[in-house]
Amino acid sequence: MGRVTERRRVTRIRGGAVSARPDTLVTEEPLEIRLNGRPIAITMRTPGDDFALAAGFLVSEGVLASAADVRSIVYCAGAKEDGTNTYNVVDVKLAPEVVVPDITLERNVYTTSSCGLCGKASLDAVRTTARFPIADAPPVRVSPALLSALPDRLRAAQKVFDTTGGLHAAALFSEDGALLDVREDVGRHNAVDKLVGRALREELLPLDRAVLLVSGRASFELAQKAVMAGIPVLAAVSAPSSLAVDLAAETGLTLVGFLRGADMNVYAGEHRIAF
């Protein structure tokens with residue numbers, strides 16, 4: 001939609017010299033996600049791949065499992081009082097046979113680390129809602145050398161980051177290290193939702209032979225999204241949270257953190273690492 005970046009005037013100080021110049025910034029706008037016409041969530045995101053973002057979000061909420069579950073995804077017309085469209089409201093209409101889960105049509109309680117719910121209740125919620133148990137038939141096996149090469153491949157694919165320096169990224173790789181897809185967003189969780197939503201719409205779920213790499217830390221929310229999409233390996237360039245490690249251990253997810261060069265920590269699922 002041409003709204004991924006914007007220009008703003010900035011006063012630049014370099015080596016004591018002061019100058020005025022335009023700077024390129026990543027766009028951040030709210031996206032309201034509606035389910036069958038009823039609002040269920042608002043997320044701050046970088047515009048683009050909004051339909052995939054909405055679909056991926058609903059996969060992580062346990063609402064969608066296949067492309068056949070979706071009747072339509074549309075922008076809501078007349079989103080502003082004057083009737084113009086902001087392209088910031090998306091409505092996902094389910095296929096008639098899809099039962100809406102009892103999530104009170106509000107942001108699901110276990111989805112964010114700020115929801116006030118933690119520990120066993122969060123882990124139980126993911127385990128009981130997951131549609132795609134992480135399977136090993138045959139087992140996915142990745143070597144430390146393969147994992148160590150992935151951050152550079154992700155960085156090389158970050159086109160908007162080169163311009164703005166202000167985006168998170170997430171990428172899917174095959175078990176032999178081939179880049180399958182990459183998305184950028186101001187929110188790391190949105191980048192993952194865009195990946196999962198694109199996979200859903202292309203009928204690729206579960207992603208049971210894929211490796212998910214995220215550019216920041218591995219929070220509980222990101223581990224949850226990997227589990228809900230059936231992804232067996234999640235790697236992050238920074239630290240995981242304690243609850244992310246607990247979730248990985250409980251669900252069988254392989255969780256790698258501090259992936260920097262040849263160094264990394266394997267927090268769970270060591271059986272998939274070909275030492």
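A residue is called buried here when its relative accessible area is under 20%, exposed when over 50%, and partly exposed in between (1.4 Å probe, protein chains only). By that yardstick, 50% of the 275 residues in the chain are buried.

A word on what you're looking at: the model is predicted, so local features need pLDDT of at least 70, side-chain atom pairs count only at pLDDT 80 or more, and totals for chains, interfaces and linings use all residues. Residues are numbered from 1 along each chain as its sequence is written, and side-chain values use heavy atoms, with hydrogens and water left out.

The chain has seven helices and 12 strands, taken as DSSP runs (helices H or I, at least four residues; strands E, at least two) and numbered from the N terminus.

Now for one open sheet. Its four strands follow the order β4-β3-β6-β5, with mixed pairing; two strands pair if DSSP finds at least two bridges between them. Since β4 (38–45) and β5 (70–75) sit at the edges with a single partner strand each, one side of each has no neighbour in the sheet. From one strand to the next, the twist averages 20°.

Strand β3 (residues 29–35) runs antiparallel to β4, joined by seven bridges. In this pair, Ile-33 stands opposite Ala-41 in β4.

Two helices pack on the sheet:

| Helix | Strands touched | Angle with β4 |
|---|---|---|
| α1 (residues 50–60) | β3, β4, β5 and β6 (89–94) | about 115° |
| α5 (residues 188–201) | β4 and β5 | about 125° |

Touching means contact, with heavy atoms within 4.5 Å. Axes are lines fitted to C-alpha atoms, for helices over the stretch in contact, and angles run from 0 to 180 degrees between N-to-C directions.
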